[in-house]
Amino acid sequence: MSAKTVTTPSAESLAASARAAKADKRGLPPVHLWNPPFCGDLDIRIARDGTWFYLGTPIGRPELVRLFSTILRKDGEEYFLVTPVEKVGITVDDAPFVAVDFEAEGDGTAQTLRFETNVGDHVTAGPDHPIRVERDPQTGEPSPYVHVRAGLEALIDRKSFYRLVEIGARRDGWFGLWSGGTFFAIIPEAELPQ
């Protein structure tokens with residue numbers, strides 16, 4: 001019987017595995033189909049503002065951040081980078097992505113909102129990509145999110161949220177947004193400033 005070679009996961013090994021898995025393919029890797037062994041936690045952290053850190057230092061290469069974002073998976077409440085051969089835990093301060101801009105088309109119930117994330121994903125809000133808002137219990141400060149894929153959300157940045165509020169609508173006692181034929185409630189009308 002031969003001894004197993006134990007490797008310590010690193011950002012470099014993950015990037016190499018992710019590139020190999022994605023070679024000659026379009027779209028996102030099928031991370032939901034991969035079930036490699038858990039290799040431990042890696043010192044990668046995604047800050048609330050969408051900055052990715054490795055060993056406490058911001059990752060300065062946008063193409064590497066994009067590559068890592070394509071192999072990100074959420075299992076329960078934990079986040080992992082997954083390749084066909086490795087699965088490592090990472091830390092996510094809030095949401096793994098940030099919606100940095102959006103385009104609105106149409107009006108009222110026919111309106112669609114198409115978001116762009118900090119890693120280049122595009123998603124149209126609707127039944128499969130809902131918008132939700134959490135409010136801080138002490139301050140009432142809203143934190144708006146849009147679902148991107150497979151349980152992964154993007155925090156909608158402040159400038160985009162202010163723009164969204166400008167095109168909001170009222171329905172059944174709520175102030176919210178229409179997109180993809182769905183109304184997303186943001187705040188009860190009674191709590192709107194007068």
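This passage walks through the fold of a predicted model, going from the overall layout to the sheets, one helix and a few side-chain pairs.

Starting with the big picture, the protein comes out with three helices and 15 strands. Its C-alpha trace spans about 75 × 40 × 30 Å along the principal axes. Of the 194 residues, 43% count as buried. As for how the chain folds back on itself, take the contacts between residues at least 6 apart in sequence: 53% of them join residues at least 24 apart.

One open sheet is built from six strands, and the order across it reads β3-β2-β1-β6-β5-β4, with mixed pairing. The edges are taken by β3 (57–58) and β4 (72–75), each of which pairs on one side only. Working inwards, β1 (residues 38–46) and β2 (residues 52–54) run antiparallel and share three bridges. I44 has Y54 of β2 as its bridge partner. On its β6 side, β1 pairs in the parallel sense, this time over four bridges, and here F38 stands opposite K87 of β6. Next along, β5 (residues 78–82) goes back to antiparallel pairing with β6, again over four bridges; L81 is matched with V88 in β6. These two strands, β5 and β6, make a hairpin with four residues between them.

How enclosed is strand β6 by the rest of the structure? Five of the six residues in β6 (residues 87–92) are buried, so the strand is largely enclosed. G40 gives a close-up of the β1 side of that neighbourhood, since its place is in strand β1 and its contacts include residues of β6, as K87 shows. G40 is buried, with a relative accessible area of 17%, which puts it under the 20% cut-off. Leaving aside residues up to four places away in sequence, G40 touches K87, V88 and G89. With G89, the C-alpha to C-alpha distance is 6.2 Å, although the two glycines are 49 residues apart in sequence.

A second open sheet has three strands, in the order β13-β14-β15, and its pairing is antiparallel. β13 (169–171) and β15 are the edge strands, each pairing on one side only. From one strand to the next, the twist averages 45°. Six bridges join β14 to β15, and one matched pair is F175 with I187 in β15.

Both β14 and β15 turn up again around helix α3, as partners in its packing. The buried residues of α3 (residues 158–166) are S160, F161 and L164. Looking down the helix axis, these buried residues fall within an arc of 100°, so they line one face of α3. The spacing fits a general rule: an α-helix has 3.6 residues a turn, so residues three or four places apart point the same way. The other side of α3 has R158 and E166, which are exposed. What do the buried residues of α3 pack against? The list is made up of strands: β7 (97–105), β8 (112–117), β11 (142–149), β12 (152–156), β14 (174–179) and β15 (182–188).

Turning to the aromatic side chains, the count comes to four ring pairs. In one of them, W52 and F68, the ring centres are 6.3 Å apart and the planes sit at 20°, so the pair is stacked. The stacking call follows because planes under 30 degrees apart count as stacked. W52 belongs to strand β2 and F68 to helix α2 (residues 62–70), and the pair links distant parts of the chain, 16 residues apart. Both W52 and F68 are buried.

Charges over rings show up too. The charged end of R45 sits over the ring of F53, 4.6 Å from the ring centre. R132 likewise lies over the face of Y145, at 4.4 Å from the centre of the ring.

Note on methods:
Residues are numbered from 1 along each chain as its sequence is written. This is a predicted model: local features need pLDDT of at least 70, side-chain atom pairs count only at pLDDT 80 or more; totals for chains, interfaces and linings use all residues. Side-chain values use heavy atoms; hydrogens and water are left out. Buried means under 20% relative accessible area, exposed over 50%, partly exposed in between (1.4 Å probe, protein chains only). The arc is that of the directions from the helix axis to the C-beta atoms. Contact means heavy atoms within 4.5 Å. Two strands pair if DSSP finds at least two bridges between them. Axes are lines fitted to C-alpha atoms, for helices over the stretch in contact, and angles run from 0 to 180 degrees between N-to-C directions. Rings of Phe, Tyr and Trp (its six-membered ring) pair if their centres lie within 6.5 Å; planes under 30 degrees apart count as stacked, over 60 as edge-to-face and the rest as tilted. A charge sits over a ring if NZ of Lys or CZ of Arg is within 6 Å of the ring centre and within 35 degrees of the ring normal.
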